[in-house]
Amino acid sequence: MTLTSELTALRNQSRDLAIDERAELACQAAKRLEKIGEYDAAYEALSEFWPERHRSPKVEGLTESTKAEVLLRTGVLAGWLGAADQTGSSQETAKDLITKSIEIFESLSETKRVSEARGELALCYWREGSYDEARITLRDALSQMEGGDVDLKAVLLIRSGIVEVDAGQLSEAFHFYNEVAPLLEASEDDAIKGCFHDSFAALFTKLITTDHHNDHIDQALIEYAAASFHFEQAGNTRYLARVENNLGFLYFTIGRYKDAHEHLDRARHLFILLDDVGTVAQVDETRARTLLTEGDLHEAERIIKMAVKTLEKGGQQAILAEALTTQGTISARLGKISRARKLLQRAIEVAETCGDLEAAGRARLSIVEELGNLTSGEELASIFHEAAELLEKSQDPAAVRRLVSSALKIIDALLVQIAQEGSLAEGSWEGFSLKREKKKFESRIIERALRDAGGSVTKAAHLLGFGHHQSLISLLGSRHRELQGLRSVKRRRRRPLLAKLKRGKKPQPALDPRTAKFSILHVEDHKPVARLVEELLNAEGIHVDACANGAAAWEILKGDTHYDALVVDNNLPGLSGLELVLRVRSMPKRRNLPTIMFSGDDCEKEAWRAGVDAFLQEPEAVDQLPATIERVVSQRRKG
């Protein structure tokens with residue numbers, strides 16, 4: 001049964017029922033739809049009693065038991081919908097509604113419903129990063145359970161494991177997963193089984209060590225395969241997409257970046273189709289980390305900016321803290337020292353406010369790792385001490401490795417500082433040189449100015465009283481070359497896209513398609529952009545046939561000319577890019593032609609639905625075209 005037909009059947013069934021019966025029927029349908037990740041459809045099922053998301057549900061005239069059920073279902077949905085579309089204060093709304101339902105269930109002595117509701121309340125705390133509150137709430141839910149509801153107990157134990165993994169308490173997580181495993185043998189619920197395998201795989205991913213020569217990688221892959229199977233059986237596309245994102249993170253962790261990008265592409269595609277902007281942002285954060293490790297800093301910065309902008313709108317503060325830490329690290333690597341410091345400090349504040357103390361500790365370690373050269377030894381020691389206290393009980397191997405590495409870095413910094421300050425204090429004049437000591441003192445003053453200026457030579461020169469920054473540059477290039485590393489990276493002045501086309505440059509002869517790496521058809525009506533793309537791709541050994549409108553491109557594609565890929569703008573005269581893609585996908589001989597939409601239009605979601613293999617924003621992502629063409633062609637050839 002399709003979602004539309006299920007909702008129609010619900011309306012027909014409810015037509016002649018009393019209000020309590022209609023509410024119970026609506027809640028049952030909403031719960032089924034929640035389980036398969038169809039939150040919008042679940043909301044529609046409850047529309048009679050919850051017509052406006054930002055208002056309280058209508059419960060007048062309902063019995064106390066049914067009122068509690070409506071409050072519970074609307075609270076659960078408020079949490080899921082808010083996480084998907086990043087609606088501000090959605091988790092607070094969800095907690096309020098669920099808490100009201102708990103109060104009613106308790107007054108009616110419905111202990112099973114109290115335990116279920118507490119499990120949902122814990123999920124809201126977990127989304128916010130309030131792991132202690134989530135842990136306590138789940139403990140209460142488990143302690144109040146009566147009878148043999150195997151599925152409910154399994155859900156509560158799985159959620160307990162998820163909380164402990166994210167809180168860095170991996171031994172406790174193992175305890176919960178070992179307890180839940182036998183219960184699943186008696187369960188026929190594929191959604192619950194999928195959640196178990198997905199979250200268990202996340203635990204093994206955390207346990208992967210730097211040498212990667214252990215069984216945890218294989219175990220994680222096995223668990224993710226099982227999760228995909230059960231989510232497919234349950235019909236939950238949203239959770240299938242989560243598995244793809246988690247696989248992307250796993251492959252990033254073990255350094256298989258190409259595989260990481262492939263899984264992240266699939267995850268992002270699915271979440272865009274589901275209008276789940278919150279999880280799209282999480283996928284983008286993982287992508288930014290991968291690009292950072294690969295050294296593609298500018299693309300990583302572009303992607304993480306979008307992710308943080310989205311996450312700032314919602315209430316998932318722990319995820320926001322991680323994204324801010326990633327953004328701060330990228331800014332530091334780009335030499336944007338002042339901005340990096342502000343972002344990392346904000347990550348610390350966000351994490352501490354929501355209660356994710358491990359994330360606050362990791363953000364502090366990022367300051368030591370990325371800004372250590374621009375921070376005094378005493379300040380580094382203070383930051384490290386705070387990080388060590390926060391991560392003292394962490395069972396995350398990566399956090400422990402970073403603590404040791406940061407400690408060694410701080411010891412080195414302090415030893416250098418002691419060596420610089422101790423030569424005259426020893427009391428011996430043997431070998432003393434006033435000139436050398438003056439140079440050392442001058443070096444320390446310049447070093448302090450550069451640190452206080454965040455690496456900016458212009459600001460540091462002003463602090464030192466120089467009339468022009470060139471005076472300081474001269475000193476750094478002569479007497480104090482050892483301080484060059486404290487300078488922030490010089491920013492190249494950005495030029496507009498079309499400035500890349502040098503005036504007066506003679507066009508290069510087109511590549512021979514027989515000897516080129518690939519041959520593509522590019523459909524673009526804006527001549528400067530078409531010329532730029534042709535020059536860029538020709539330089540990478542890719543032959544380009546250019547076409548200025550969709551109708552002409554369609555005629556070309558109906559012919560027999562071989563193309564390895566199609567690159568198309570959407571805003572074309574006559575036949576639009578989306579229409580062209582739809583026609584290509586319906587043509588037997590071109591159905592599998594790798595297709596990229598390179599467009600400035602806000603049509604990414606529509607492009608994926610039409611059947612593109614990749615979407616790039618014009619003009620910002622022009623430099624990604626060669627690599628994207630190679631990737632989509634390779635993927636299509638594989639299968």
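**Helix packing and selected residues in a predicted model**

Helices α25 and α26 are roughly parallel to each other, because the angle between them, about 15 degrees, falls under 35 degrees. The structure is a predicted model. In this model α25 covers residues 550-558 and α26 covers residues 577-586. Their axes lie 10 Å apart. The crossing of α25 past α26 is right-handed. On the α25 side, the contact is made by G550, A553, W554 and L557. On the α26 side, L580, R583 and V584 take part. By class, this contact has 5 nonpolar residues, 1 polar residue and 1 charged residue.

The protein as a whole has 28 helices and 5 strands. Its C-alpha atoms fill a box of roughly 100 × 75 × 45 Å along the principal axes. The protein comprises 639 residues, and 50% of them count as buried. Contacts between residues at least 6 apart in sequence were also examined. Of these, 63% join residues at least 24 apart.

A second helix pair is formed by α4 and α6. Helix α4 spans residues 64-85, and α6 spans residues 111-128. The two pack at an angle of about 20 degrees, with their axes 11 Å apart. They are therefore roughly parallel to each other. Here the crossing is left-handed. From α4, the contact draws on E69, L72, R73, V76, G79, W80 and A83. These meet R113, E116, A117, E120, L123 and R127 of α6. The residues of this contact divide into 6 nonpolar, 1 polar and 6 charged.

Between α4 and α5 runs a loop that contains Q86. Most residues other than glycine have a negative phi. Q86 has a positive phi, near 55 degrees. Q86 counts as buried, because its relative accessibility of 3% is under the 20% cut-off.

Helix α5 comes next, at residues 90-107. It has 18 residues and reaches 26 Å from its first C-alpha to its last. That span is close to the 26 Å expected at 1.5 Å a residue. Ten positions in the α5 list deserve naming in full: S90, Q91, A94, K95, L97, I98, S101, I102, I104 and F105 are buried. An α-helix has 3.6 residues a turn, so residues three or four places apart point the same way. The cover over the buried residues of α5 includes α4 and α6. After α5 comes S109, and its phi is positive, near 60 degrees.

Another positive phi in a residue other than glycine occurs at D275, near 60 degrees. D275 sits in the loop between α13 (257-273) and α14 (277-294). D275 is partly exposed, with a relative accessible area of 40%.

Three helix residues were examined individually. The first to be described, I136, lies in α7, residues 131-143. I136 is partly exposed, at a relative accessible area of 44%. Its C-alpha atom is separated by 8.3 Å from that of A122. These two residues are 14 residues apart along the chain.

N245 belongs to helix α12, residues 237-253. With 9% relative accessibility, N245 counts as buried, because buried means under 20%. Neighbours within four places in sequence were left aside. On that basis, N245 is in contact with L264, A267, Q282, V283 and T286.

L320 is found in α16, residues 317-333. L320 is buried, with a relative accessible area of 2%. Not counting residues up to four places away in sequence, L320 touches V308, L311, E312, R346 and V350. The C-alpha atoms of L320 and K305 are separated by 12 Å. Along the chain, L320 and K305 are 15 residues apart.

How values were computed. Residues numbered from 1 in each chain as written. Predicted model: local features only at pLDDT ≥ 70, side-chain atom pairs only at ≥ 80, totals over all residues. Heavy atoms only, no water. Helix = DSSP H or I, 4+ residues; strand = E, 2+ residues; numbered from the N terminus. Expected span 1.5 Å × (residues − 1). Buried < 20%, exposed > 50% of the residue type's maximum accessible area, 1.4 Å probe, protein only. Contact = heavy atoms within 4.5 Å. Axes fitted to C-alpha atoms, helices over the stretch in contact; angles between N-to-C directions. Parallel < 35°, antiparallel > 145°, perpendicular 65-115°, else oblique. Left-handed = near helix turned anticlockwise from the far one by under 90°. Nonpolar A, V, L, I, M, F, W, Y, C, P; charged D, E, K, R; others polar.
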